[in-house]
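Please open the model in your viewer and keep the selection panel at hand. The stops below begin at a contact between chains and finish on the surface.

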Amino acid sequence: MPIIDTNKVDVQISTWGPMNGRLRTFALQLKATSSPTFVGPPDNQKLAFRLDGDDYNTLLLPNNMPTFLVVVGVPDLNGCWVWQRPNTLGLGAGAWWVRIAGEPTDQGTITVHLPVEQRFNATALREMLDAE
Amino acid sequence: MKTWGEITPALLQAELQRIGYVEIDKDGPSGSTWVDPNNSGRPAVLVPHAYQEDLRGYGSLLESAIERVAWALEIPVSEAIERLTGRGDRFELRIVDAFTRGGRLPVIRAPHVVKGFLQVLRAGARAEFLGTQARYQGNDTEIVREALQGIDLLAPAEGSFRLIAVASLQAQMPFDPATAAPDNTRRAMAATVRGLHAAASVTQTKPTDDADLEPAINEGVSALLMTGLEEISKRAPGMAVDFKVKWDPSLPTVDAPDQGVELDQNQLNRVPRLATQLRHREPEDHRVVIGWVKTASADELAKAGHPSGMVIVESRFEGTLRRVLIELPSHLFERARPGTTQITAKGTLQKIGNRWHLSEPHDIQIREVGTQDEG
């Protein structure tokens, strides 16, 4: 169900029917950047993203459902967002996710690190649905 | 316009039961899961736990559940909200005085009003489950607590200052509203309304004699009810209170008036004195009931030929013919025959629910019509 950044939640996703005995639901806070910065050694790379301290603290608050931060890397405005070949439709974007945990911050912004292997895809959706 | 904010998890659960859903997971971390076992095409619904109201996602989950109810019913969300907010019995207190015009209540009075409102409901629940009494002692019993837990207070409504309690009922599906038994919360609310009507009547005049209070007590007027009214009207000379009730027509019928009741300034002025009068009233332990046995029903299949059970006796007291339920031990129950025997018994006469009971009966005498008394 799409909702507009209410309570620092952009999207709430729920199963239509029960999954393993109960309805599953989770919430996403979406962020985008046209200049994703990857840090760390090649075998343990992470997407470093500057998040508002306020957003970060809100994601730490107790919630009735699991909530994840998803950062979408997109091309800049002049870049190629979508391309088409005879057998291919390509989307020039990638997304990564993380579940924020830790202590609240009193800083204006804080850098969060999203492991690059945590791509936001069908497998990730499944994992999020199982997170309860 | 009704808003989804008036909808509680209990209201959603009652509606889901009504439309054929069953709860398959009660204690999920986000809420309870409901599905329609006969129609897998309908969406599952996640009803958030009321006790998680303070958590961040509660509002979203509630909104989501309402939306899914709308999908299940194939109606617009706005219609689903109307349907949900129209469900459940509603009991409303409206305070009418100079201070509360404009929908405000001075904060210094607020605790008294809420406390008084709860006491009024508690008096109803106690009258229903402990029997009508002038005064109650001790804490709430389990059944009284259970009945009160089924009542939610909605956010104060716009307009003049109003508190609205809604009984969020566990509907029994399927049922016929005319024959199914109302649940405990509904019974408590019905007793509250009966008691308030009696309170409105008894405060019309100044009863000086204790005996004048008897009919009102039998209808649910108690020191607790009067104290509740006193709390509500505390620190507000010149006020009136207006209680309104709206019974959900889809739920089992209760024996209580449909109309609300208003207590004006003069009536409220008489409340403190009546509360004191009721508080000092001694419980009546030894009423005598004399009447003929109308029906007799055994508790169970007789063991060794000694059934025990209860009889309903038709008896006249306080000028009215009433039916009183009396439990009898086996040696007396065997002799109680409908239509042919008369019973005389002493005990505590109480109205529990809609029925008169003679509790702890003793000195019971059973007499065949036309014969000598037998002990």
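How many salt bridges does the rule find across the interface of chain B and chain A? In this predicted model, the rule finds one across that interface, and a good beginning is to select its two partners, Asp25(B) and Arg22(A), whose closest N and O atoms are 3.2 Å apart. Asp25(B) sits in strand β1 of chain B, while Arg22(A) belongs to the loop between β2 (9-14) and β3 (25-33) of chain A, so the pair joins two chains. If you then extend the search to all chains, the count by this rule comes to 17 salt bridges.

Next, select the whole contact, to which chain B gives 25 residues and chain A gives 24 residues. Between them the two chains bury about 2,000 Å², with 54% of that on carbon and sulfur atoms. On the side of chain B, highlight Arg56(B), Ser60(B) and Arg68(B), which lose the most area to chain A and together account for 35% of what that side buries.

Now display the polar contacts: between chain B and chain A there are 14 residue pairs of this kind, with both residues at pLDDT 80 or more. Colouring chain B by element shows that β1 (22-25), β2 (32-35), β3 (45-47) and α2 (58-73) each give two or more residues to the side that touches chain A, and that α2(B) supplies the largest share, seven residues. Sorted by class, that side of chain B has 11 nonpolar, nine polar and five charged residues.

For the last stop, move to chain A and select Leu77(A), Trp81(A), Val82(A), Leu89(A) and Leu91(A), which make a nonpolar surface patch of about 620 Å². To place one of these residues in the fold, select strand β7 (residues 82-85) of chain A, in which Val82(A) lies.

Methods:
Residues numbered from 1 in each chain as written. Chains lettered and ligands numbered in written order. Predicted model: local features only at pLDDT ≥ 70, side-chain atom pairs only at ≥ 80, totals over all residues. Heavy atoms only, no water. Contact = heavy atoms within 4.5 Å. Buried area = accessible area lost by both parts, 1.4 Å probe. Salt bridge = Lys/Arg side-chain N within 4 Å of Asp/Glu carboxyl O. Polar contact = N/O pair within 3.5 Å; in protein donor to acceptor, adjacent residues only side chain to side chain. Helix = DSSP H or I, 4+ residues; strand = E, 2+ residues; numbered from the N terminus. Nonpolar A, V, L, I, M, F, W, Y, C, P; charged D, E, K, R; others polar. Patch = residues over 30% accessible without salt bridge, like charges linked within 9 Å, V, L, I, M, F, W, Y side chains within 5 Å. Areas by Shrake-Rupley, 256 points an atom, 1.4 Å probe, with all protein chains shown as cover.
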